[in-house]
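Visitor: I am new to this structure and would like to know how its labels are earned. Could you show it to me and let me ask as we go?

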Amino acid sequence: MKSEDTPFVGGPLDGRVLPVLLGPTGPPPKVYRVPVPDEAGGEPTVLVYRRVPAGAARRFGLHPGWKYEYSEDGTAGRGDEGGFRNLKWPWSKPGGGRNVPRRDDLDE
């Protein structure tokens with residue numbers, strides 16, 4: 001698998017550049033979770049970093065890459081977690097989605 005050296009900003013990993021595995025379409029994941037083991041042997045602490053653009057688009061609109069910013073509250077925020085739960089399917093619209101008459105409309 002391909003990886004990309006990605007800088008981390010804020011939190012305990014501030015200033016580090018770590019190799020992050022890329023997804024099947026090219027970019028790194030939107031949310032990066034780093035489990036930190038507890039010294040006393042308890043539950044590990046999970047540090048949450050969100051992917052943001054590394055800077056403004058340069059000449060010709062080429063993408064400058066990505067960096068990860070620390071999420072202080074420990075959540076991914078803004079619905080960036082991905083997965084099927086956040087997808088909006090066309091058939092799950094309120095009111096039926098398609099132009100199919102309802103049973104109430106057929107009785108009239």
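Visitor: What makes the approach of the P28 backbone oxygen to the side chain of R51 a polar contact?

Guide: In this predicted model, the backbone oxygen of P28 lies 2.6 Å from a polar atom of the R51 side chain. A polar contact calls for a pair of N or O atoms within 3.5 Å. The 2.6 Å between P28 and R51 therefore meets that distance limit.

Visitor: Why is R51 called buried?

Guide: R51 has a relative accessible area of 16%. Buried means under 20%, so R51 earns the word with its 16%.

Visitor: Where is R51, and what is it in contact with?

Guide: R51 lies in strand β4. Setting aside neighbours within four places in sequence, R51 is in contact with P27, P28, P29, K30, W66, K67 and Y68. Of these, Y68 is also the bridge partner of R51 in β5.

Visitor: How do you know that β4 and β5 pair?

Guide: Two strands pair if there are at least two bridges between them. Strand β4, residues 45–53, and strand β5, residues 66–70, share five bridges in the antiparallel sense, so they count as paired. Another bridge partnership here joins Y49 to Y70 in β5.

Visitor: What makes β3 a partner of β4?

Guide: The rule is again at least two bridges. β3 and β4 have six, in the antiparallel sense, so they pair as well. Along this pairing, R33 stands opposite V48 in β4.

Visitor: Why are β2 and β3 called edge strands?

Guide: The open sheet of five strands runs in the order β2-β1-β5-β4-β3, with mixed pairing. Both β2 (17–21) and β3 (31–36) pair on one side only, and that makes them the edges. Neighbouring strands of this sheet are turned by 40° against each other on average, direction ignored.

Visitor: Is S71 buried or exposed?

Guide: S71 is buried: its relative accessible area is 6%, and the word applies under 20%. S71 sits in the loop between β5 and α1 (103–106).

Visitor: What makes the pair S71 and D73 a polar contact?

Guide: The side chains of S71 and D73 come to 2.8 Å, and the limit is 3.5 Å. Leaving aside its neighbours within four places in sequence, S71 is in contact with V48, Y49 and R50.

Visitor: Which residues form the largest nonpolar core, and what makes it a core?

Guide: There are seven: F8, L13, V20, V34, L47, Y49 and Y68. They count as a core because buried residues of the listed nonpolar kinds are joined through side-chain atoms within 4.5 Å. In soluble globular proteins, nonpolar side chains tend to be buried together. Beyond four places in sequence, Y68 has contacts that include F8, V20 and Y49.

Visitor: How many helices and strands does the protein chain have, and what is their pattern?

Guide: The protein chain has one helix and five strands, and along the sequence they follow the pattern β-β-β-β-β-α. Buried residues make up 18% of its 108 residues. The protein chain exposes about 8800 Å², of which carbon and sulfur atoms supply 52%.

Methods
Residues numbered from 1 in each chain as written. Predicted model: local features only at pLDDT ≥ 70, side-chain atom pairs only at ≥ 80, totals over all residues. Heavy atoms only, no water. Helix = DSSP H or I, 4+ residues; strand = E, 2+ residues; numbered from the N terminus. Axes fitted to C-alpha atoms, helices over the stretch in contact; angles between N-to-C directions. Buried < 20%, exposed > 50% of the residue type's maximum accessible area, 1.4 Å probe, protein only. Polar contact = N/O pair within 3.5 Å; in protein donor to acceptor, adjacent residues only side chain to side chain. Contact = heavy atoms within 4.5 Å. Areas by Shrake-Rupley, 256 points an atom, 1.4 Å probe, with all protein chains shown as cover.
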